[in-house]
Amino acid sequence: MIALSNYVGGSWNAGSGDAKSLHNPATEEILGEVRPGGVDFAAALHHAREKGGPALRAMTFGERAAMLKALSKKLHEHRDELIEISGSNGGNTRGDAKFDLDGATGTLAWYAQLGAGYGDRRHLADGEGAQLGRTARFWGQHILTTRPGVAVHINAFNFPAWGMGEKMACALLAGVPVVEKAGTPSALLAYRIAQLVVESGIVPEGAFQFIGGSITGMLDLLGPMDTVAFTGSAVTAALIRGNKNLIARNVRINLEADSINSAILGPDAEEGGDTLEQFLGNVTVDMTQKAGQKCTAVRRIFVPEAMVGMVAEALVERLRSTKIGAPLEAETRMGPVASAAQLRDVRAGIDRLTEVAEVLTGGSAPMSGPGYFVAPTLLRAKDPAAPVLHELEVFGPCATIVPYSGKVEEVVDLCNRGGGGLVASAYSDDRKFLEPLVHGIAPWHGRVWVGSEKTHGQALGPGAVLPATIHGGPGRAGGGEELGGLRGLMPYMQRTAIQGDRAIIGRAFGDETNP
Ligand code: NAP
């Protein structure tokens, strides 16, 4: 059994307090334990501020980019070992594990490439300068500089590798030291990654610290130059947003919370056509990949009434043929959910949905044998307006078909009842349908993914988060924004307007310093 340690202040410490067990969710075997206490938060922050921060800020963007590239390579070298841990402690199939791990190394590598383009710079010009005086002599230029603080990253259990990797990539490239907190149920993978990062010596001392146990008390010690980036449930997000110290000191907070994501089938999709095929394929992947435990997974499937029977039949067939079982066996396509608590929540959620929807396949009944398995569950809404459909995130392999008339204004209204989402996907080749749809739902979503005949087989589905475009969403989804190229560095940098003689500030800080 592995006893998780925290890496703080330059050494590993075992933590203290009552141990929480970490399980293999397929067998319920105990694999490890983590203790919530024993971390001197003030000392950890001091270490980051006094050691890690100055070391990172002394590096250029190019040097930090090279560090990210080396980190990506290091983790990739251990891919096979990490896949095994992801399968045993996370319940991930080989495909799910690669999705998480390659997402982490791919995002680190992507930001390495972006940063390399900024070469020997330590600040960035933000846009073009502007004349501020009577003549162009008095000039203004916005610049971005690294905030001399700490990035506290709180990650959800479902993406222990990607969640840590994508946050780290942005903060470290910006020059800010990180404290990484892992979601408990799957913490063994995050812990092994932390060991590899520390052992490699790639990141300067103090620039990377790792906490497996609780981090709550650390938030009370943060100051105005620090940033909290959180991923997890809306309930925890609200607790963090309400933290008195974070409010009083205006600490920057970026929240990524849950989301009732949608897939919308346009009335023009034809049976046997590529657009419909893409829709069916993506919905099936979303429902079964990582046993539906993706923040971007589809929860509501909007289908024109006339097509509901055909769509339901096709999805039921695909879901029933999904091979469920021991995650690391080659033929397994879906593993268990991550923990006993997760299993309880998913079953209870399915039961609540069945009050307003009919079960077409799956359901909340326990599956035979040990492990936290749930059958892929597809429901059909009896009343499309029932609030629970639009408000309850069942974080497992479960989604509901919601029939609509085929009218765009109706599906816009239903879709936006989710209260703000990470992603909505739309499948249609009809611009007259797509344009008002995208206009109608874009303000309520961080990402709109449009599938049409020509995109079939061209790209990863809407569940995949890519570093070049933003991840996050308004309202219920947390109101945050991550990634999106250079935008991903903004939580860690300060935008300042420098005003003065153009001959001085234009040359020192202006456009010519941009690549
Ligand atoms: P969670 O229970 O909210 O926990 C998220 C993280 O917050 C964990 O590291 C947790 O630590 C920590 N935490 C719990 N209470 C805290 C507190 N009072 N102060 C500071 N940190 C605290 O969420 P989860 O169950 O891990 O993840 C599932 C949820 O995450 C789903 O709702 C899913 O939609 C959402 N999610 C969103 C995104 C996104 O990018 N928007 C991505 C992935 C998942 P412990 O584990 O030790 O409790």
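**Exercises on a predicted two-domain chain**

Between domain 1 and domain 2, seven residue pairs are in polar contact, both residues at pLDDT 80 or more; a polar contact is a pair of N or O atoms within 3.5 Å, where within protein one must be able to donate a hydrogen and the other to accept it, and residues adjacent in sequence count only if both atoms are side-chain atoms. The model is predicted: local features need pLDDT of at least 70, side-chain atom pairs count only at pLDDT 80 or more, and totals for chains, interfaces and linings use all residues. Residues are numbered from 1 along each chain as its sequence is written, and side-chain values use heavy atoms, with hydrogens and water left out.

**Exercise 1.** Describe the interface of domain 1 and domain 2.

*Solution.*
- Step 1. The assignment, automatic or from a database, gives domain 1 as 2-257 + 480-513 and domain 2 as 261-466. The contact (heavy atoms within 4.5 Å) takes 24 residues from domain 1 and 27 residues from domain 2.
- Step 2. The C-alpha centres of the two domains are 31 Å apart.
- Step 3. About 2,100 Å² is buried between the domains, 62% of it from carbon and sulfur atoms; buried area is the accessible area (1.4 Å probe) that two parts lose on being put together, summed over both.
- Step 4. On the side of domain 1 that touches domain 2, the elements giving two or more residues are α3 (79-90) and α4 (94-116). Helices (H or I, at least four residues) and strands (E, at least two) are DSSP runs, numbered from the N terminus. Of these elements, α3 gives the most, with five residues.

**Exercise 2.** How many salt bridges cross the interface of domain 1 and domain 2, and which residue forms one with Arg79?

*Solution.*
- Step 1. The criterion is a side-chain nitrogen of Lys or Arg within 4 Å of a carboxyl oxygen of Asp or Glu.
- Step 2. The overall count is 15 salt bridges, whereas zero are found across the interface of domain 1 and domain 2.
- Step 3. Arg79 pairs with Asp102, with the closest N and O atoms 2.7 Å apart. This salt bridge links helix α3 to helix α4, its residues being 23 apart.

**Exercise 3.** In which sense do β21 and β22 pair?

*Solution.*
- Step 1. Pairing requires that DSSP find at least two bridges between two strands.
- Step 2. β21 (residues 470-473) and β22 (residues 480-483) have four bridges, in the antiparallel sense.
- Step 3. His471 is opposite Glu482 of β22.
- Step 4. Six residues lie between the strands of this hairpin, where Gly475 takes a positive phi near 55°.
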